[in-house]
Amino acid sequence: MTDESRRTHWNAAYRTKGEAGVSWFEDTPTVSLDLIRKYSPVGSSSLIDIGGGASRLVDVLLDEGMKAITVLDLSPAALDAAKARLGARAGQVQWLALDVTQWAPDRTYDIWHDRAAFHFLTDPDDRRAYVERLIAAVKPGGYAIIATFAPEGPERCSGLPVVRYDAAALSGVIGSSFRLVEALRHAHTTPGNATQAFQFSVFQRMAQ
């Protein structure tokens, strides 16, 4: 898919289904929050949420005092939904309506969080571009929390094919700039009451 066709697809998904109608919706992103709290002090950390869309992760991080939050998503409609929900607090967040594979990071972060974006990158060139941005954007010693469909998870999502990973396979794609420090499985219940198997993998950026 081209950048424009991806944007059109995800804008349509949010506009037709709404924030709480998409399959990846979580009222409270508990697993992500637990891992973020475990690996970096929320109050003094910086975080970028890749494919964050209308996720409610940003709400809780603001509640807990995080001052440096960036949300990157291809879909302006998804980001607009999050901004509308946050109201005046949206001004405390940097919003980037961009394709992560074409983004040029201008700073580094303590935490890179990606729940359900990377597994949509079925083209090897897109995966390489993602990893290049990951390396550029995470501070040495910082962490990447990446959640994908597990090997027993769905083969498609939102009408698109995905690539499924266990922790070892994802580590092989991410490469030697990061070391795997934790892996866990999570059963996500969709708004339609289906169960999806997710793999959460946590990587630490190696010292340069």
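**Exercise 1.** Find which residues Ala194 touches, not counting residues up to four places away in sequence, and state whether Ala194 is buried, partly exposed or exposed.

*Solution.* Begin with contacts, where contact means heavy atoms within 4.5 Å: leaving aside residues up to four places away in sequence, Ala194 touches His188 and Thr189. This is a predicted model, in which local features need pLDDT of at least 70, side-chain atom pairs count only at pLDDT 80 or more, and totals for chains, interfaces and linings use all residues. Residues are numbered from 1 along each chain as its sequence is written, and side-chain values use heavy atoms, with hydrogens and water left out.

Next, place the residue: Ala194 lies in the loop between β8 (178-189) and β9 (195-205), strands being DSSP runs of E with at least two residues, and helices runs of H or I with at least four, numbered from the N terminus. Ala194 counts as partly exposed because its relative accessibility is 40%, given that buried means under 20% relative accessible area, exposed over 50%, and partly exposed in between (1.4 Å probe, protein chains only).

**Exercise 2.** Determine how far Ala194 is from Ser23 in sequence and in space.

*Solution.* Along the sequence Ala194 and Ser23 are 171 residues apart, while from C-alpha to C-alpha they are 8.7 Å apart. For the protein chain, residues 24 or more positions apart account for 70% of the contacts with a separation of 6 or more.

**Exercise 3.** List the buried residues of helix α4 (residues 76-86), and describe the residue that follows α4.

*Solution.* The buried residues of α4 are Ala77, Ala78, Leu79, Ala82 and Leu86. After α4 comes Gly87, with a positive phi near 65 degrees.
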